[in-house]
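Me: I would like a close look at a single part of this model, namely the aromatic side chains and how they pair. Please take me through them carefully, with the cut-offs behind each term.

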Amino acid sequence: MVSYILRRLGAGLATVLLMTIIIFVIVRLVGDPAHLMLPPEATEADRDLFRQQLGTADPLFVQYLRFLGGLIQGDLGTSFRYGVPALGIVLERLGPSLYLTGTAMAFAVGLGVPLGILSAVRPGGIADQAGRLFAVLGQSAPPFFFALLFIRFFAVELHWLPTGGYGGFTHVLLPAMALGWYSAAGLMRLTQANMAEALNAEYIKMARIKGLPEHVVVLKHALANAALPVITFAASQFGILLGGAVSIEAVFSWPGFGKLIVDAISQLDYTVVQAAVVVSAALFILINLVVDLLYALIDPRIRYGR
């Protein structure tokens, strides 16, 4: 297990290094911050001086080596726009995004998995039909549609929840439901399919012949064998939701991670974009590593030896 973790960490570091090269080149193809941040009446000499101050006048290879040296020391550069460490800005916005994404995933798992189990246990029943309708609606409409729908119903009509802003638990409910609806629908369909396959297996028939209670058969035996694809999907969705919540953050005025990246790109703030990509890549790799380790705990047949 230790050797496996070390190999995965080594592969993760190589992935992060490759991501830094790609994003370092791409962001510099977007434009020159000297043209955006200086007034139109600035001369070319003023722009050259400004580039020297930012460090963008050096050759691209020199800039990357300087960035890589700072990355090894935990310094991801200073924001062109705000004049403060870029890593601090990213971590400040990462907290609200993790709060939103974690709540959205809790909503998706808490709704999608039980509904998928009920649909598999009673195929053709009310729960199965409701689950299929829920899955179709959840995967056919974009998150911002549910965001506007929830605001109109829960905030404007019923006055139960605030329309937006960053605050307590009541502020995160609407954006979390809108963000997690698609993932809940996907988890429901995946859970239903894997549970239906597991419930038809021979070992399930043997467990029922032995007289085990139905809830033990379903939750202990069938769910344990159907859980691995569900966990994989949930882990991938967490990373996707973390980086793809831009529309939800815009609708609900949520000061999150995705909106920061979009704003930094539009402002040509290279250092903030680079820091955001490094942090998100490291976080995504860590999540995948934790999921792989959970596999061995859930299914004893999985071992990470030679």
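Reply: What follows describes the aromatic pairs, and then a buried threonine for a further look at side-chain surroundings.

This is a predicted model, in which local features need pLDDT of at least 70 and side-chain atom pairs count only at pLDDT 80 or more, while totals for chains, interfaces and linings use all residues. Residues are numbered from 1 along each chain as its sequence is written, and side-chain values use heavy atoms, with hydrogens and water left out.

Rings of Phe, Tyr and Trp (for Trp, the six-membered ring) are taken as a pair if their centres lie within 6.5 Å, and the planes are called stacked when under 30 degrees apart, edge-to-face when over 60, and tilted for the rest. By this rule the count comes to 14 aromatic pairs. In one of them, Phe153 and Phe154, the ring centres are 5.0 Å apart and the planes stand at 85°, so the pair is edge-to-face. Phe153 has 44% relative accessibility and counts as partly exposed, where buried means under 20% relative accessible area, exposed over 50%, and partly exposed in between, computed with a 1.4 Å probe on protein chains only. Both Phe153 and Phe154 belong to one aromatic cluster, whose other members are Phe107, Phe145, Phe146, Phe150, Trp160 and Trp181.

Another edge-to-face pair is formed by Tyr166 and Trp254, with 4.8 Å from centre to centre and 90° between the planes. Tyr166 lies in the loop between helix H7 (143-157) and H8, and Trp254 in the loop between helix H11 (246-251) and helix H12 (257-266), so the pair ties together parts that are 88 residues apart in sequence. Helices here are DSSP runs (H or I) of at least four residues, numbered from the N terminus. Tyr166 is partly exposed at 45% relative accessibility, whereas Trp254 is buried at 1%.

Turning to the threonine, Thr191 lies in helix H8, which covers residues 169-199, and at 1% relative accessibility Thr191 counts as buried. The side chain of Thr191 reaches the backbone oxygen of Leu187 at 2.7 Å. Leaving aside residues up to four places away in sequence, Thr191 touches Val113, Gly116, Ile117 and Val230, where contact means heavy atoms within 4.5 Å.

Definitions and conventions. Helices (H or I, at least four residues) and strands (E, at least two) are DSSP runs, numbered from the N terminus. A polar contact is a pair of N or O atoms within 3.5 Å; within protein, one must be able to donate a hydrogen and the other to accept it, and residues adjacent in sequence count only if both atoms are side-chain atoms.
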